[in-house]
Amino acid sequence: MIDALWGWPPPVLDPAGPYSGKVTTLAWSLFGLGAFVTLVVVFALWVAIKGPDKWKAKLGGERAILLGGVAFPGVVLTALLVWGLTLTASLTEPIHGDEMRIRVTGEMWWFRVQYLDPSGAVVMEDANEIHIPVGRPVVLELESADVIHSFWVPHLSGKKDMIPGRRTLLRIEADRPGEFGGVCAEYCGRQHALMGFVAVAHEDDDFREWYAERNERLVSAGLDITRQVESSSGSGTQGSERSTVTRTGAGANTNSGQQSGRTLFMQSGCAACHRVAGTEANGLAGPDLTHVGSRRTLGAGILPNNRGTLIGWIGDSQSLKPGNRMPSYDMLNADELEAIAIWLEQQK
Ligand code: CUA
């Protein structure tokens with residue numbers, strides 16, 4: 001589903017921001033240098049086999065060996081090492097000023113995405129989708145919940161490992177709006193190949209609007225919006241009402257179909273692993289579904305998100321992505337699956 005690595009030009013050579021631009025420049029330079037070395041070697045080979053005797057003698061001389069075999073590789077490899085280290089350092093610079101912070105955690109086999117406020121507290125959680133403003137550097141804090149994964153959006157930056165017990169940093173930035181595919185770039189088990197995500201870059205105003213809209217919904221549900229803190233500081237929020245208040249979206253959901261979808265979701269065990277802000281579903285093991293209806297993909301980038309794929313994923317996720325932690329809910333009948341899917345579609 002996500003075209004992170006294919007297409008023409010290849011995303012690695014089609015930078016959509018300054019950080020990936022640096023990687024692209026390095027990639028082209030390596031390619032150019034490699035091509036030059038290949039030509040020189042082929043020429044030397046021709047001289048050694050069929051070249052004039054005078055040239056052959058020079059090729060075997062001490063000077064040619066010192067220059068071509070020691071000095072040239074020594075200088076070039078040292079220069080590349082310095083270049084590579086400097087580039088890596090610029091991609092992993094910590095926060096300087098008002099950069100946006102997002103924590104991304106690799107889990108087998110999906111990405112947990114948490115938007116952080118300047119103090120580092122979680123403001124909003126999502127999965128397999130990262131929204132950023134155009135023209136502003138974003139510092140990602142990369143972590144892993146289980147094994148080593150690697151975070152890579154070739155259009156926006158280099159790649160960086162997500163290591164258990166460690167926090168690594170990666171800067172990304174987009175200089176044009178768009179949707180850019182990303183993947184896990186380190187083998188992490190059976191479904192490594194199906195661990196993808198989308199990075200969505202918005203114009204500044206659009207981004208503000210998107211962010212405000214999401215926050216508004218969380219705030220209007222009377223919720224604190226952090227995971228760790230029970231009540232948000234200052235204004236007395238209804239922390240204790242949290243489990244009884246069931247406000248979702250526009251408040252026009254008295255329809256019985258929606259109610260049964262919601263009830264089925266709670267009663268079938270979904271709520272044990274998934275969180276939906278504003279409801280009693282507060283599971284933390286799986287992806288947060290508060291905004292699942294607005295996601296572009298399902299199953300970590302492997303399917304487009306629509307009612308049909310939602311039904312398919314809930315009912316038979318083990319066929320779509322064998323070995324993933326979500327069991328197939330094949331005990332539910334078609335109507336029940338559809339009711340849950342309809343309710344989830346409304347969670348935007
Ligand atoms: Cu996660 Cu490969």
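# Exercises on loops, a long helix and two pockets

N128 is placed in the loop that joins β3 (122–127) to β4 (129–133), where helices (H or I, at least four residues) and strands (E, at least two) are DSSP runs numbered from the N terminus. The structure is a predicted model, in which local features need pLDDT of at least 70 and side-chain atom pairs count only at pLDDT 80 or more, whereas totals for chains, interfaces and linings use all residues. Residues are numbered from 1 along each chain as its sequence is written, and side-chain values use heavy atoms, with hydrogens and water left out.

## Exercise 1: backbone geometry in three loops

Describe the backbone at N128, at A300 and at the peptide bond from M108 to W109, and place each site in the fold.

*Step 1.* Most residues other than glycine have a negative phi, and most peptide bonds are trans.

*Step 2.* N128 has a phi near 60°, a positive value in a residue that is not glycine. Its relative accessibility is 7%, so N128 counts as buried (buried means under 20% relative accessible area, exposed over 50% and partly exposed in between, with a 1.4 Å probe and protein chains only).

*Step 3.* A300, likewise no glycine, has a positive phi of about 65°. This residue sits in the loop between β11 and β12 (303–304), and with a relative accessible area of 2% A300 is buried.

*Step 4.* The peptide bond from M108 to W109 is cis, its omega being near 0°, and W109 belongs to the loop between β1 (100–107) and β2 (110–116).

## Exercise 2: the surroundings of two buried residues

Work out which residues, beyond the neighbours within four places in sequence, are in contact with H155 and with L142.

*Step 1.* H155 is found in the loop between β6 (149–152) and β7 (159–162), and at 12% relative accessibility it counts as buried.

*Step 2.* The residues in contact with H155 (heavy atoms within 4.5 Å) are P11, D14, P15, A16, G17, S20, R176 and F180, its neighbours within four places being left aside.

*Step 3.* L142 lies in strand β5 (residues 138–144) and is buried, its relative accessible area being 0%. With the neighbours within four places again left aside, the residues in contact with L142 include V104, F151, K160, D161 and M162.

*Step 4.* Although L142 and I163 are 21 residues apart in sequence, their C-alpha atoms are 7.9 Å apart in space.

## Exercise 3: helix α1 and the second largest pocket

Establish how far α1 reaches, what covers its buried residues and what α1 gives to the lining of the second largest pocket.

*Step 1.* The 33 residues of α1 reach 48 Å from the first C-alpha to the last, close to the 48 Å expected at 1.5 Å a residue; the expected span is 1.5 Å times one less than the number of residues.

*Step 2.* Y19, S20, G21, T24, L26 and V47 are buried in α1, and the cover of the buried residues of this helix includes α2, α3 and β8 (168–172).

*Step 3.* The second largest pocket holds about 470 Å³ of space. A pocket is an open set of points, on a 1 Å grid over the protein atoms alone, where a 1.4 Å probe fits and protein lies on both sides within 12 Å along at least five of seven lines, and lining residues have an atom within 4 Å of a point. Grid points are joined across faces, edges and corners, and the volume is the space filled by probe spheres set on the points.

*Step 4.* Of the 16 residues that line the second largest pocket, V40, A44, L59, A64 and G68 are the closest to its centre. Two or more lining residues come from each of α1 (18–50), α2 (53–59) and α3 (62–91), and α1 gives the largest share, seven residues.

## Exercise 4: the largest pocket

Locate the largest pocket relative to domain 1 and domain 2, and describe its lining.

*Step 1.* The space in the largest pocket is about 590 Å³. Its lining has 34 residues, of which H274, G286, P287, W313 and M326 are the closest to the centre.

*Step 2.* The lining consists of 21 nonpolar, eight polar and five charged residues, with Ala, Val, Leu, Ile, Met, Phe, Trp, Tyr, Cys and Pro counted as nonpolar, Asp, Glu, Lys and Arg as charged, and the others, Gly among them, as polar. The largest share, three residues, comes from α7.

*Step 3.* Because domain 1 (1–202) and domain 2 (248–345) both give residues to the lining, the largest pocket lies between them; the domain bounds come from an automatic or database domain assignment.
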